[in-house]
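Ready for some practice at reading a protein model? Grab a pencil and take the exercises one at a time.

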Amino acid sequence: MNDPGVLVLAAVAGAGLGLLYFGGLWLTVRRLAGSRRPVLLFGGSFLVRTALAVAGFYLVMDGSIARALACLAGFIVVRQVLV
């Protein structure tokens, strides 16, 4: 079932995942200068952000390539807006 409503919801979910991922990146970069262990902070942040994004994509996709692509489109739109 890949009706337009489901695909729009997948794109919105992708936008939310993008906000979570890139918002977390922004917060991490802001804290790097004052961190005693910047490599650990950046590496840990990367692992957590990536794990959340991949898990979110997996849940949204639910076996449908169309939903995965809609989710990816929302993710990329947020990236372009924030950059």
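Here are four short exercises on this predicted model, each with a worked solution.

**Exercise 1.** Work out how many helices and strands the protein chain has.

*Solution.* Start by counting elements: you should get three helices and zero strands. Next, walk along the sequence, and the pattern reads α-α-α.

**Exercise 2.** Check whether the span of helix 1 agrees or disagrees with its number of residues.

*Solution.* Helix 1 covers residues 4-32, which makes 29 residues. The expected span is 1.5 Å times one less than that number. That gives 42 Å, and the end C-alpha atoms are 42 Å apart, so the two agree.

**Exercise 3.** Find which residue caps the N-terminal end of helix 1, then find the buried residues of helix 1 and what they pack against.

*Solution.* Begin at the N-terminal end: the cap is Asp-3, with a side-chain oxygen 3.1 Å from the backbone nitrogen of Gly-5. Now look for residues under 20% relative accessible area. In helix 1 these are Ala-10, Gly-14, Leu-17, Gly-18, Tyr-21, Phe-22, Gly-24 and Thr-28. Finally, follow them to their partners, and you'll land on helix 2 (38-61) and helix 3 (65-82).

**Exercise 4.** Describe the protein chain as a whole: its box, its burial and its exposed area.

*Solution.* First, the box: along the principal axes, the C-alpha atoms fill roughly 50 × 25 × 10 Å. Then burial: 25% of the 83 residues count as buried. As for the surface, about 5700 Å² is exposed, with carbon and sulfur atoms supplying 74% of it. One last step is to look at contacts with a separation of 6 or more: 71% of them join residues 24 or more positions apart.

How values were computed: Residues are numbered from 1 along each chain as its sequence is written. This is a predicted model: local features need pLDDT of at least 70, side-chain atom pairs count only at pLDDT 80 or more; totals for chains, interfaces and linings use all residues. Side-chain values use heavy atoms; hydrogens and water are left out. Helices (H or I, at least four residues) and strands (E, at least two) are DSSP runs, numbered from the N terminus. Buried means under 20% relative accessible area, exposed over 50%, partly exposed in between (1.4 Å probe, protein chains only). Contact means heavy atoms within 4.5 Å. A polar contact is a pair of N or O atoms within 3.5 Å; within protein, one must be able to donate a hydrogen and the other to accept it, and residues adjacent in sequence count only if both atoms are side-chain atoms. Accessible areas come from the Shrake-Rupley method with a 1.4 Å probe; for residues, only the protein chains shown count as cover.
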